[in-house]
Amino acid sequence: MSSSDNRSLPLVASSEVAKHNSEKDCWVTLYQRKIYNVTGFLDQHPGGADIILPYAGKDVTEIMANADSHSHSESAYEMLDDDMLIGYMATEVEERELINNKNNTPVEMKLVTTTDSEGNEFDMYAFHDHLPALEKLSIQTDYTEDAKKHKFLDLNKPLLTQLLFSNFSKEFYLDQVHRPRHYGKGSAPLFGNFLEPISLTPWWAVPLIWLPPNMYLFYIGFVNQNPVVALSLWAMGLFVWTLVEYCLHRFVFHIDYLLPDHPIFLTLHFLLHGVHHYLPMDGYRLVLPPTLFVVLAYPFYKLVYSIFPFYMACSGFAGGTLGYILYDVTHYALHHSRLPKFYQDLKTYHLEHHYKNYELGFGVSSRFWDVVFETEIYDTYEKRA
């Protein structure tokens with residue numbers, strides 16, 4: 001959880017930031033906006049303190065994005081927000097109107113989504129021919145500006161209630177929900193009440209909850225059958241999962257245009273998958289909540305155990321559920337980890353599904369079925385006819 005979640009942070013003049021430029025007192029800024037006190041981190045930095053010190057009192061956006069200098073994962077940016085965020089650097093207007101007028105009340109500021117770190121116009125709401133640089137995917141949405149400009153959802157308020165009592169047309173909803181926003185300080189309120197925790201699932205809950213029963217099913221199938229038969233059925237279940245993954249993503253999660261044009265169905269769509277496209281970098285809504293997994297898995301469980309004898313079904317279902325576990329963990333990693341070359345390419349491919357063309361690229365753990373069914377993402381943004 002970000003350090004700005006539970007307290008307001010002060011505006012600080014740029015001249016004040018520049019004074020903190022030594023090894024014993026080192027501040028840096030990101031996007032010429034967020035201020036971090038990295039003094040205690042200098043000795044812990046994997047690349048050494050010498051990489052940071054030339055930027056003491058200055059902005060580190062460009063150097064953090066420079067892979068030739070030192071690669072930074074999404075978790076590096078999260079760690080800055082969690083542990084070292086101390087304030088926001090005031091703009092010239094804010095210095096004039098707030099600080100210089102002795103009205104420096106702590107406030108929670110928003111990063112401007114339409115301007116990048118170099119001052120160039122950058123519209124995060126539009127789809128792109130090329131995937132935006134990863135550092136741009138962490139620019140926080142200006143909630144007020146977004147609600148005023150797009151007249152869709154207000155990220156300051158519970159999202160489901162707004163949808164349920166809205167008069168959005170399906171066409172408008174589908175257009176807006178697939179234009180990514182970034183909450184920037186944890187998870188946006190979905191229910192806004194005691195139900196909120198059930199909508200949040202950390203990635204590690206998936207292997208923690210489901211690996212033990214998965215391994216038990218594998219064991220039951222393996223010790224009660226010929227090992228070759230058991231392993232073959234297990235491998236078959238693993239392979240079948242890849243097709244199930246593709247079909248669920250394409251025909252259930254992206255049922256989009258077959259949705260009835262009614263707020264109840266739009267709200268259900270949002271709850272099932274729309275919220276992930278609306279807030280794709282929300283780390284607590286990247287894997288299936290356990291209760292939703294049980295609901296979705298139950299029909300497959302009944303089908304497998306009705307087709308095969310018990311022990312054969314155990315082996316096949318163990319392979320399929322392991323595929324699901326790997327899929328969910330992979331999905332989290334594709335959004336929030338720096339990965340080896342093959343998986344980095346897969347990460348780019350999946351993020352293109354979010355930021356370039358949500359009507360293509362349904363494979364998450366692989367693009368195999370996208371190739372088979374000709375739903376690979378094109379080189380440039382193009383909606384299907």
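These exercises, each with a worked solution, explore a predicted model of a protein chain.

**Exercise 1. The whole chain**

Find how many helices and strands the protein chain has, and what share of its residues is buried.

Solution.
- Start with the elements. The protein chain has 15 helices and five strands.
- Next, take burial. The chain has 385 residues, and 50% of them are buried.
- Last, look at contacts between residues at least 6 apart in sequence. Of these, 71% join residues at least 24 apart.

**Exercise 2. Placing H269**

Decide whether H269 is buried or exposed, and find which residues it touches.

Solution.
- Locate the residue. H269 sits in helix α11, which covers residues 263-278.
- Check its accessibility. The relative accessible area of H269 is 5%. Buried means under 20%, so H269 is buried.
- List its contacts, leaving aside neighbours within four places in sequence. H269 touches Y173, L174, F253, I255, D256, L259 and G274.
- Pick out a polar contact. The side chains of H269 and Y173 are joined by one of 2.8 Å.

**Exercise 3. Two helices side by side**

Work out how helix α8 is oriented relative to α11, and which residues make the contact.

Solution.
- Find the angle. The axes of α8 (residues 170-177) and α11 cross at roughly 25° and come within 10 Å.
- Apply the cut-off. Angles under 35 degrees count as roughly parallel, so α8 is roughly parallel to α11.
- Name the residues. From α8 come K170, Y173, L174, Q176 and V177. From α11 come L266, H269, F270, G274, H277 and Y278.
- Sort them by type. Six are nonpolar, four are polar and one is charged.
- Link back to Exercise 2. Y173 of α8 and H269 of α11 both belong to this contact, and their side chains form the 2.8 Å polar contact.

**Exercise 4. H273 in the same helix**

State whether H273 is buried or exposed, and name its contacts.

Solution.
- Locate the residue. H273 is found in helix α11.
- Check its accessibility. H273 has 9% relative accessibility. The cut-off for buried is under 20%, so H273 counts as buried.
- List the contacts, not counting residues up to four places away in sequence. H273 touches H249, F253 and H254.
- Now compare directions along a helix. An α-helix has 3.6 residues a turn, so residues three or four places apart point the same way.

**Exercise 5. Helix α10**

Compare the reach of helix α10 with the expected value, then find what its buried residues pack against.

Solution.
- Take the span. Helix α10 (residues 227-253) has 27 residues. From first C-alpha to last it reaches 36 Å, close to the 39 Å expected at 1.5 Å a residue.
- Look at its start. A side-chain oxygen of N226 comes to within 2.8 Å of the backbone nitrogen of V228.
- Name some buried residues. Among them are L233, W241, E245, H249 and F253.
- Find the partners. The buried residues of α10 pack against α9, α11, α12, α13, α14 and α15.

**Exercise 6. Helix α14 and the loop after it**

Describe the span of α14, then place S366 and find its contacts.

Solution.
- Take the span. α14 has 15 residues and reaches 20 Å, close to the 21 Å expected at 1.5 Å a residue.
- Check burial. The buried residues of α14 include Q344, L346, K347 and Y349.
- Move to the loop. S366 lies between α14 and α15. S366 has a relative accessible area of 26%, and is partly exposed.
- List contacts, leaving aside neighbours within four places in sequence. S366 touches E245 and L346.
- Add a polar atom. One on the side chain of S366 lies 3.3 Å from the backbone nitrogen of F368.

**Exercise 7. Two positive phi angles**

Find where Q32 and K151 lie, and how exposed each one is.

Solution.
- Begin with Q32. Its phi is positive, about 55°, although Q32 is not a glycine. Q32 lies in the loop between β3 and β4. At 43% relative accessibility, Q32 is partly exposed.
- Turn to K151. Its phi is also positive, about 55°, and K151 is not a glycine. K151 lies in the loop between α6 and α7. Exposed means over 50%, so K151, at 61%, counts as exposed.

Notes:
Residues are numbered from 1 along each chain as its sequence is written. This is a predicted model: local features need pLDDT of at least 70, side-chain atom pairs count only at pLDDT 80 or more; totals for chains, interfaces and linings use all residues. Side-chain values use heavy atoms; hydrogens and water are left out. Helices (H or I, at least four residues) and strands (E, at least two) are DSSP runs, numbered from the N terminus. Buried means under 20% relative accessible area, exposed over 50%, partly exposed in between (1.4 Å probe, protein chains only). A polar contact is a pair of N or O atoms within 3.5 Å; within protein, one must be able to donate a hydrogen and the other to accept it, and residues adjacent in sequence count only if both atoms are side-chain atoms. Contact means heavy atoms within 4.5 Å. Axes are lines fitted to C-alpha atoms, for helices over the stretch in contact, and angles run from 0 to 180 degrees between N-to-C directions. Angles under 35 degrees count as roughly parallel, over 145 as roughly antiparallel, 65 to 115 as roughly perpendicular and the rest as oblique. Ala, Val, Leu, Ile, Met, Phe, Trp, Tyr, Cys and Pro count as nonpolar, Asp, Glu, Lys and Arg as charged, and the others, Gly among them, as polar. The expected span of a helix is 1.5 Å times one less than its number of residues.
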